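Subject: Structure handover

Hi,

Here's the structure I said I'd pass on to you. Have a look at it first, and then read on for what I found in it.

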Amino acid sequence: MNVVHTSKPVRGAKAQTAAPEVNFASTSVPRHLARGAIGFGLVIGSVALVPVAGPATLLAAPLALIAFRGCPTCWMVGLAQTISLGRLKRQCVDGVCTLTKGDAGGVDGPARSRL
């Protein structure tokens, strides 16, 4: 005997939705590495120049957050996403999602799809 349990939603309760996917990937690995070089250069340069030019050089450090698209950890996650771009393909059928090898051989392949 199959029993299905159902329940009514509580009045005033909001439906839960899946969290949106955050994507930090760039269009190519060299472009992503260039953003990292700019970000790390700004952080290191702003701290290293404090004895020479004073604390005003620390104002360059927040610009690194723009290059990193957040923090250095966000940049590193984006690097992993950029490298794997197109190598994996997610397919969802009837609520079951699986990962398979993608059509592209890397980020420069013709069938790049974002996860």
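Let's start with a cysteine pair that doesn't bond. The sulfur of Cys71 has its closest cysteine sulfur in Cys74, 3.1 Å away, which is too far for a bond. The cut-off in play is 2.5 Å between the two sulfur atoms. Seen from the other end, Cys74 is in no disulfide either, with the sulfur of Cys71 as its nearest at 3.1 Å. Do keep in mind that this is a predicted model, so please take that distance as a computed one.

The two cysteines fall in separate exposure classes: Cys71 is partly exposed at a relative accessible area of 29%, whereas Cys74 counts as buried at 19%. The limit for buried is under 20%, so the 19% of Cys74 makes the cut.

So which cysteines do form a disulfide? That would be Cys92 and Cys97, with their sulfur atoms 2.0 Å apart. By the same distance rule, the count comes to one disulfide. The link between Cys92 and Cys97 is right-handed, with 105° about the S-S bond. As for exposure, Cys92 is partly exposed with a relative accessible area of 47%, and Cys97 is also listed as partly exposed, at 47%.

While you're in that region, look at Asp94. It is in the loop between β1 and β2, and its phi is near 55°, a positive value in a residue other than glycine. Asp94 is exposed, with a relative accessible area of 78%.

Thr98 is worth a click too. It lies in strand β2, which covers residues 96–101, and it is partly exposed at 40% relative accessibility. If you leave aside neighbours within four places in sequence, Thr98 is in contact with Lys89, Arg90 and Gln91. For a distance to check in your viewer, the C-alpha atoms of Thr98 and Leu88 are separated by 10.0 Å, with the two residues ten apart along the chain.

Now the helices. Helix α1 runs over residues 29–48, 20 residues in total. How far apart should its ends be? At 1.5 Å a residue the helix should span 28 Å, and its end C-alpha atoms are 28 Å apart, so the two agree. At the N-terminal end, Ser28 acts as a cap for α1: one of its side-chain oxygens lies 3.3 Å from the backbone nitrogen of Arg31.

α1 also has a buried side. The buried residues in this helix are His32, Arg35, Gly36, Gly39 and Ser46. Looking down the axis of α1, they fall within an arc of 115°, so they line one face of the helix. An α-helix has 3.6 residues a turn, so residues three or four places apart point the same way. On the face of α1 turned away from the buried side you'll find the exposed residues Pro30, Ala37, Ile38 and Ile44. What do the buried residues of α1 pack against? Their partners are α2 (50–53), α3 (61–68) and α4 (72–84).

α3 can be read in a similar way. Its buried residues are Ala64, Ala67 and Phe68. Down the axis of α3 these fall within an arc of 90°, so they line one face of that helix. The buried residues of α3 pack against α1 and α4.

Right after α3 comes Arg69, whose phi is positive, near 60°. Arg69 is not a glycine, and it sits in the loop between α3 and α4. It is partly exposed, with a relative accessible area of 40%.

Last, confidence, before you set anything up. The protein chain has a mean pLDDT of 77, and 70% of its residues reach 70 or more. By element, confidence is highest in α1, at 94, and lowest in strand β1 (residues 88–93), at a mean of 79. Over residues 106–115 pLDDT stays under 50, and the model has 27 contacts beyond four places in sequence for that stretch. Where pLDDT is low, the predicted coordinates should not be read in detail.

Cheers

Notes
Residues numbered from 1 in each chain as written. Predicted model: local features only at pLDDT ≥ 70, side-chain atom pairs only at ≥ 80, totals over all residues. Heavy atoms only, no water. Buried < 20%, exposed > 50% of the residue type's maximum accessible area, 1.4 Å probe, protein only. Helix = DSSP H or I, 4+ residues; strand = E, 2+ residues; numbered from the N terminus. Expected span 1.5 Å × (residues − 1). Arc of directions from axis to C-beta. Contact = heavy atoms within 4.5 Å. Polar contact = N/O pair within 3.5 Å; in protein donor to acceptor, adjacent residues only side chain to side chain. pLDDT = per-residue confidence, 0-100.
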